[in-house]
Amino acid sequence: MKDASPTAPQKIYLSDYQVPNYLIDEVHLTFQLAPEATRVRSRITFRPNPDATSADFFLYGEQLTLISAQIDGAPVTPTHVNGGLTCDVPSAPFVWEAEVEISPATNTALEGLYMSNGMYCTQCEAEGFRKITYYPDRPDVMAVFTVRIESDLPVLLSNGNPVTSGDGFAEWHDPWPKPAYLFALVGGDLIAHPDRFTTKSGKDVELNIYVRPGDEGKCAFGMEALKKSMTWDEEVYGREYDLDIFNIVAVDDFNMGAMENKGLNIFNSSCVLASPETSTDMNFERIEAIIAHEYFHNWTGNRITCRDWFQLCLKEGLTVYRDAQFTADMRSEPVKRIEDVIALRARQFREDNGPLAHPVRPDSFVEINNFYTATVYEKGAELIGMLKTLVGDADYYKALDLYFDRHDGDAATIEDWLQVFEDVTGRDLSQFKRWYEQAGTPRLSVDEAFADGTYTLTFSQSTPATPGQDHKDPRVIPIAVGLLGADGNEVVPTTVLEMTEATQSFAFDGLSAKPVPSILRGFSAPVILERDSDNAERAFLLAHDTDPFNKWEAGRALARAGLVEMVLNNAAPDGDYLDAVLQVLRNDDLDPAFRALTLALPSQDDLAQTLVDLGHTPDPTAIYQALETLKMAMATHMQDVLPRIYAQYQVNEAYQPDAEQSGARSLANAALALISRTDGGAAAQAQYDSADNMTQQLAALGCLIMAGKGDAATAEFYDQWKEDRLVIDKWFALQISHAAPERAAEVAADLTQHVDFTMKNPNRFRATLGALAMSPAGFHRADGAGYALLADWLIQLDPLNPQTTARMCSAFETWKRYDSDRQALIAAQLDRILATPDLSRDTTEMVSRIRAS
Ligand code: BES
Ligand code: ZN
């Protein structure tokens, strides 16, 4: 049923796509900046689109006060309609001029033009430009922008190259046609951290990172990351930068991580500012990746953009894939892969398994901001990886060259994307396309047989129904397999099996004995492998697998199996697991970062889902307790080795956030976390007192809180860092994530009363309420206090910032996993949110989708 009732928010369908009725050649914008009364004058040259099926002229516009409008110089009176205006226009090319007034200072939604700490900035993706002026705000309308900014602020920036500037004004011109979502403007009292880059064809590019005074000492790492990204994209994809200048601006109040506006990337300050004293190793890795990601969008997103928002994965999936390749090259490929799979399972599998499941390319939405999801991003990136595995590296890069040649300057689709692969390889990718169209994570079960030297693997795939999609067709699944002999040597190296049927067998001949299979090496497809393997086989693979991902995966499977036994049957910690992990811990030939990942246990959320998959109702408290018991058992079982590891992996050189040092610190800190369970917090206190970098300081503080010895250090930490917003975010989050589960909701509630708590800053809000939502045992407290607290604050935030509110509603997406008491408590909160007067479209869509399950 496509017709929405008059009150229901309108659903947009991919199948309703129509080309724009009018195209634009040029846009001239003039901004007179003033906090509550910014004037925006636009001069737009329109021409009828020869391919259009209608001559109706509609411009989107929201929260704008129209001062005047003209067509070809003559005043016109447009008709205001829901979400914009219409007007009679000539049938030949014409010039539209308008002046509107907007109020950046009262824009708390952080979409369109808004203010953050006295600085003007914009966020236009996906549909924020319509809050700046009347415009065909859709990505398939691309235009050349010239922008004049009038203000007394010292730094005035927009897209493209600077044209002129003088007292109280600056002009910018972007020669590359772009959709309005890539428009950006910044005005503020900012300091530049400058640098230069010479492209491979010899073009000199000016680079700047602009920050608030006081933050200039936190730019160097981001700048290095930018230059590395520029070099990498030239070397690996042959893509050069295409303007004279590339600017990055750090903004404190930002809904997302960062935004790829042409020539003027805008970053959440948490995703660009870094120093050893204030940022953890994880922060550094993430900052490097985000800078790369936004920079890579210059080709995959900007030069080739999306025809419509259903094609979002065209730019996001591909760009996430590219930034993952970059991180793997800069750091450790196996470590990056393991981290990504952990995140994929935690966020995307969770989403795919619940009420918010949707295809990588959705076919309908109410609010596009709700579809910047783990599925579009992370699963979207997995699809690129699978394509590359299927066609091979050489053809992958050939297809990418063809994509850039053929579609440069286009607003493209997934069909265009797949076509270049078909043209380069001659393959038929129609079955592969199902990955874009079908929601849900395929389950892959395996049977094995061995006879007469032939080993046969038989796989069956099935995908559970997802909202609105009951039937699923089999997909093509690249399954990377290697076979090991009983002595641990590899008898068949990694081979990619291409599964296309619902059930399919693959035979390996000439084997002298039944091998041990290592299946789905490198996590070659985003599926759930259901294999009835025993702990002996898992321990064998953990010891011998040559594929680092599967080696880690074997340890994880072993841990999971033991924990399930502990939760369900009150079993003691599995001695075989403890021995196996101890062997890994001791093995100094293994990368310390890999060992730290192997020591880490599956998350509470992972175990809850595992129990659901096994047909049980998860008890969040029992899961938490099992993890605590196992960690204590690890601490005692490894007692002799842990101090040695802790001492051996102390870094004595000057701090570097590189893979080597951060790997050492992560292993030492994993050891510290275990040691702190048996030494009363003494080692953690010593580390806290001597720490000269945030990685060490924060890890020690976490251990002290866990050991019940954190009060003094928590207070000291605040005194030391109270002037640094990004560090104080960590302080808020850590107290909640490390609180005992029965206290987490109170700790979070108390922190919402702290002088430094504010709803207006998304980072601070997430550090507080997000940290609670991500602590399952605390959030799912049996009396519902966690649910009520989150709902209270979501209801308060919604009128100010619908986008951040809606995103955080996904805390409730797993509610059907839990017992009926908890379900009833959550349902009551969801209903309370839905009953809130004037609830935003964003939050209404999210909560109704969750509630409907
Ligand atoms: N284009 C997005 C930013 C964005 C997201 C704008 C949603 C509007 C709505 C940007 O390229 C992006 O993907 N940013 C990510 C980080 C990235 C490393 C995956 C983000 O902001 O989280
Ligand atoms: Zn992106």
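These exercises, each with a worked solution, concern a predicted model.

In this predicted model, local features need pLDDT of at least 70, side-chain atom pairs count only at pLDDT 80 or more, and totals for chains, interfaces and linings use all residues. Residues are numbered from 1 along each chain as its sequence is written, chains are lettered from A and ligands numbered from 1 in the order in which they are written, and side-chain values use heavy atoms, with hydrogens and water left out.

**Exercise 1. Determine which residues of strand 13 are buried on each side, and find the pairing with strand 16.**

Step 1. Strand 13 spans residues 155–158. Strands (E, at least two residues) and helices (H or I, at least four) are DSSP runs, numbered from the N terminus.

Step 2. In a regular strand, side chains alternate between the two faces of the sheet.

Step 3. V155 and L157 sit on one side, L156 and S158 on the other, and all are buried. Buried means under 20% relative accessible area, exposed over 50%, partly exposed in between (1.4 Å probe, protein chains only).

Step 4. Strand 16 (residues 185–188) runs antiparallel to strand 13, joined by 4 bridges. Pairing requires at least two DSSP bridges. S158 stands opposite L185 in strand 16.

**Exercise 2. Locate the backbone features at L110, F523 and the E125–A126 bond.**

Step 1. Most residues other than glycine have a negative phi, and most peptide bonds are trans.

Step 2. L110 has phi near 60°, a positive value. The loop between strand 9 (94–102) and strand 10 (112–116) holds L110. With a relative accessible area of 4%, L110 is buried.

Step 3. F523 is not a glycine, yet its phi is positive, about 50°. Its loop runs between strand 30 (516–519) and strand 31 (528–530). F523 counts as buried because its relative accessibility is 1%.

Step 4. E125 and A126 are joined by a cis peptide bond, with omega about -5°. A126 is in the loop between strand 11 (119–123) and strand 12 (143–150).

**Exercise 3. Place L601 and L400, and state a C-alpha separation for each.**

Step 1. L601 lies in the loop between helix 12 (592–599) and helix 13 (604–613). At 14% relative accessibility, L601 is buried.

Step 2. L601 and L627 are 26 residues apart along the chain; their C-alpha atoms are separated by 7.7 Å.

Step 3. L400 belongs to helix 6 (residues 393–407). Its relative accessibility is 1%, so L400 counts as buried.

Step 4. L400 and G222 are 178 residues apart along the chain, with C-alpha atoms separated by 27 Å.
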